Amino acid sequence: MDPITNTTVAGGQKLVQFDPQSGKVLQILRWGEDILPPGATMNDLRIAGDLMFITDSGLGGIIVHNMRSGTTVRLLSEHPLLRATYTKPMVGRDGHIFRDKDGKRPLVHSDMLEITADRKWFYFSTPIGPLRRLPTSALLDSSLTDSQRAEKIETVMDMPTMMGTAIDTLDNFYFADAERGQIMVLTPEKKKLVLFEDARLVDGDALFITANRQMLVPIPQTERLPANNAGVNALKPPFLSLSFPLPKTLNGHLLGNVVSSL
């Protein structure tokens with residue numbers, strides 16, 4: 001992203017694979033305008049087996065890359081069900097409305113994505129919701145058109161302003177509620193449970209469950225950036241990542257483990 005214009009730089013977007021032990025660059029992936037048209041912005045990424053799934057929050061869309069064959073497709077590009085609208089603002093702590101110095105509110109399209117452990121369901125959302133899902137098989141079936149894929153999309157639930165998400169092996173969907181400073185659990189039965197609450201949770205993002213059942217939550221303070229705070233830089237150091245243990249149960253509801261990409 002260009003920090004001055006807040007837009008993507010042509011040819012600048014790429015995915016880089018590192019060796020976690022040596023730090024050596026193993027692979028760099030770049031795509032042309034058939035996959036990343038002007039205005040596209042790669043956002044969340046999940047890996048399931050040989051497949052890599054990426055959301056485009058700039059235009060709305062889903063990118064599927066086969067790491068074994070090297071083939072890449074762009075699906076549901078700019079479909080209305082993957083795009084946010086101005087009917088609902090992004091809201092942070094204490095009712096803070098995301099807006100720039102001119103009063104313009106951001107429109108962030110398909111952002112969050114999660115894939116269930118059995119790879120049956122692909123969940124996705126804009127930061128303002130609603131949470132939606134479709135069968136993963138519909139994304140992988142090359143005989144379907146995008147219109148046919150869209151017919152298989154289900155609305156799961158309206159959501160508050162969300163930042164990061166995660167999912168566990170029991171299909172519990174975790175999300176950072178930016179409006180209340182909470183980490184929430186949405187159960188498969190559509191019950192919302194409070195997992196964690198802390199005054200330091202200002203727009204918790206990129207939730208991650210570790211193999212030893214720790215929940216990691218970076219705190220980017222997104223609502224305090226000038227572009228989201230009427231042009232005023234209100235960032236407050238220190239910049240934190242929080243970590244807390246994931247309990248086995250929450251209000252009598254069983255919580256699962258990290259979903260493996262293997």
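## Surface and charge

The chain's accessible surface comes to about 13,200 Å² (Shrake-Rupley, 1.4 Å probe), and carbon and sulfur atoms own 53% of that. This is a predicted model, where local features need pLDDT of at least 70 and side-chain atom pairs pLDDT 80 or more, while totals for chains, interfaces and linings use all residues. Residues are numbered from 1 along each chain, and side-chain values use heavy atoms, with hydrogens and water left out.

On the charge side, there are 28 positive and 29 negative side chains, counting Lys and Arg against Asp and Glu, without His or the chain ends. The centres of the two sets sit 2 Å apart, placing each charge at NZ of Lys, CZ of Arg, CG of Asp or CD of Glu.

## Overall build

The chain has 2 helices and 19 strands (DSSP runs: H or I of at least four residues, E of at least two). Its C-alpha trace spans about 45 × 45 × 45 Å along the principal axes. Of the 262 residues, 46% are buried (under 20% relative accessible area, 1.4 Å probe, protein chains only).

## Cores

The largest nonpolar core (buried Ala, Val, Leu, Ile, Met, Phe, Trp, Tyr and Cys joined through side-chain atoms within 4.5 Å) has 26 residues. Strands S11, S12, S13, S14, S16 and S17 each supply at least two of its residues, and S14 gives the most, with 3. Apart from this core lies another, of 18 residues, including Ile-62 and Phe-122.

Leu-195 is among the residues with the most contacts inside the largest core. Beyond its neighbours within four places in sequence, Leu-195 is in contact (heavy atoms within 4.5 Å) with residues including Tyr-174, Ile-183, Met-215 and Phe-244.

Conventions
Buried < 20%, exposed > 50% of the residue type's maximum accessible area, 1.4 Å probe, protein only.
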